[in-house]
Amino acid sequence: MGLSDALARLAVRAAQVLVVEVPGHWATRMELEQQLRRRGWRPAWTPADADVLAVCGVPGPELSELVDRLWEQMPGPRVRADITSPGGVGPALDDAAALLLDSPRHRKDARERAQEPEIPEDVDHGGHGGMGHGGMDHGGMDHGEMDHGEMDHGGHGGMDHSGHGGMDMAPGGIALAGGGEDRDGLEMDVLHLPLGPVLPFWPAGLVLRCSLQGDVVVDAEASVVDGAGAGGPGPGPAPAAVVWCDQVVALLALAGAEDAASGARRARDALLHGDQGAARAAAERLHRTIRRSRLLRWSLRGVLPLDPSDLEQHGLPRRCLGDAHDRLLARVERIRAEAGGAEPVPVEDAAVPWAVLPELVTGLELGSVRLAVASLDLDPHPAVQAVGHG
């Protein structure tokens with residue numbers, strides 16, 4: 001074995017995978033996450049970091065176009081894995097590992113691919129960005145110095161900037177702010193920034209187009225790429241406790257609490273596989289960890305606080321009362337109860353409608369938007385196609 005082959009095999013052992021979840025195909029994505037951990041492979045935050053692009057489900061026309069853009073942005077050596085069911089995850093990852101070692105294939109790909117990702121000259125003013133911007137830098141987050149008001153708003157490097165509706169575009173496709181009136185009638189720069197639809201720890205298919213003045217969201221519009229059930233049926237609605245655990249994973253990971261997020265993953269996977277004993281033990285440990293963490297309380301305190309008048313105005317259930325930390329604790333309490341044998345709650349009875357999102361995020365700082373979205377029990381199978389906020 002030559003040095004190049006040895007280095008390639010070492011690199012494959014630590015491959016990074018950019019995951020795209022087609023709406024409704026949560027089971028395939030969860031199985032993929034489990035198998036990535038067993039292999040020692042890591043999730044990629046951006047196309048520039050990724051070795052493998054894994055598409056869970058069969059995307060519809062809109063999402064297919066975005067996936068192609070992400071593929072263009074990935075450096076070589078690169079492999080794409082299209083996974084249509086949970087049972088196909090293992091074989092797809094085996095094939096990806098073998099293809100990553102196929103040096104002739106990668107040399108051919110390097111010769112034939114465009115030297116720069118294509119950026120359309122005519123900007124679609126209603127278009128979607130590929131990855132979107134998350135307002136956070138996951139790769140270098142200092143868990144002891146987190147400030148939601150001063151986070152890195154350039155977070156995900158290497159993303160598609162072609163979908164910023166209504167913005168002027170400088171050479172190279174970099175979005176520039178336009179003009180607009182603030183609340184006092186003064187002229188201020190307004191930046192139109194889409195979050196999603198392909199973004200780590202973000203609801204599958206959701207695009208949230210935010211209009212920003214400074215780092216404050218002054219207007220928002222939500223839509224779902226390809227809609228629910230596009231690209232073929234998924235496995236159906238997930239059990240409520242599994243959805244809650246998955247949402248807790250997202251919120252904890254975004255808050256920088258990776259150890260606690262790992263505990264939530266263990267509870268989620270145990271519930272998914274029907275291991276009630278393991279689920280109960282994991283839920284108890286997760287509950288103790290979250291209640292004792294002062295850092296989590298400080299990190300999530302004041303993120304999207306909702307009082308009784310807010311709940312009445314937006315038609316939200318009482319479990320949404322308080323801030324992101326209050327909602328996190330309430331959700332973990334429900335997970336504990338169901339893991340302990342309580343009667344399961346139908347997920348559709350526990351979901352917050354996506355239609356309220358634009359109104360809820362308006363007025364938030366950009367760095368808090370993803371935490372706010374992750375703190376809500378959003379319906380994982382939205383029927384809404386486009387929701388605006390005037």
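Biologist: Where does F201 lie?

Modeller: F201 sits in the loop between strand 8 and strand 9. Keep in mind that this is a predicted model.

Biologist: What makes the phi of F201 worth a look?

Modeller: F201 has a positive phi of about 60°, yet it isn't a glycine. Most residues other than glycine have a negative phi.

Biologist: And why is F201 called partly exposed?

Modeller: Its relative accessible area is 25%. Buried means under 20% and exposed means over 50%, with partly exposed in between, so at 25% F201 counts as partly exposed.

Biologist: Where does L304 lie, and what is its phi?

Modeller: L304 is in the loop between helix 9 (294-300) and helix 10. It is not a glycine either, and its phi is positive, about 50°.

Biologist: Is L304 buried or exposed, and how do you know?

Modeller: L304 has 6% relative accessibility. Buried means under 20%, so L304 counts as buried.

Biologist: Which residues does a cis peptide bond join, and what is omega there?

Modeller: One such bond joins G76 and P77, with omega at about -5°. P77 lies in the loop between helix 3 (61-73) and strand 4 (79-83). Another cis bond joins G196 and P197, where omega is about 10°. P197 belongs to the loop between strand 8 (187-195) and strand 9 (206-213). Most peptide bonds are trans.

Biologist: Let's turn to charges. What makes R268 and E33 a salt bridge?

Modeller: Their side chains meet at 2.9 Å, N to O. The cut-off is within 4 Å, so this pair counts as a salt bridge. R268 lies in helix 7 (residues 258-272) and E33 in helix 2 (residues 26-39), so the pair ties together parts that are 235 residues apart in sequence.

Biologist: Why is R268 called buried, and E33 partly exposed?

Modeller: R268 has 0% relative accessibility, and buried means under 20%, so R268 is buried. E33 has a relative accessible area of 22%; partly exposed runs between the 20% and 50% limits, so E33 is partly exposed.

Biologist: Which residues are linked with these two in a network?

Modeller: The network of salt bridges links E21, R29, E33, R37, D246, R268 and D269. A search of the whole structure turns up 21 salt bridges.

Biologist: Which residues does D377 meet in a salt bridge?

Modeller: The side chain of D377 meets R319 at 3.3 Å, N to O, and R334 at 2.6 Å, N to O. D377 lies in the loop between helix 14 and strand 11 and R334 in helix 11, so that pair ties together parts 43 residues apart in sequence.

Biologist: How do you know that D377 is buried?

Modeller: The relative accessible area of D377 is 6%. Buried means under 20%, so D377 is buried.

Biologist: Which residues form the positive surface patch?

Modeller: R266, R285, R288 and R292 form it. Helix 8 (residues 276-292) gives the largest share, three residues, and R292 lies in that helix.

Biologist: What makes R292 exposed?

Modeller: R292 is at 64% relative accessibility. Exposed means over 50%, so R292 counts as exposed.

Biologist: Last one: how many disulfides does the structure hold?

Modeller: Zero. As for cysteines, C210 is buried, with a relative accessible area of 1%, and C245 is buried at 0% relative accessibility.

Methods
Residues numbered from 1 in each chain as written. Predicted model: local features only at pLDDT ≥ 70, side-chain atom pairs only at ≥ 80, totals over all residues. Heavy atoms only, no water. Patch = residues over 30% accessible without salt bridge, like charges linked within 9 Å, V, L, I, M, F, W, Y side chains within 5 Å. Areas by Shrake-Rupley, 256 points an atom, 1.4 Å probe, with all protein chains shown as cover. Lys, Arg positive; Asp, Glu negative; His and termini not counted. Charge placed at Lys NZ, Arg CZ, Asp CG, Glu CD. Helix = DSSP H or I, 4+ residues; strand = E, 2+ residues; numbered from the N terminus. Buried < 20%, exposed > 50% of the residue type's maximum accessible area, 1.4 Å probe, protein only. Disulfide = S-S within 2.5 Å.
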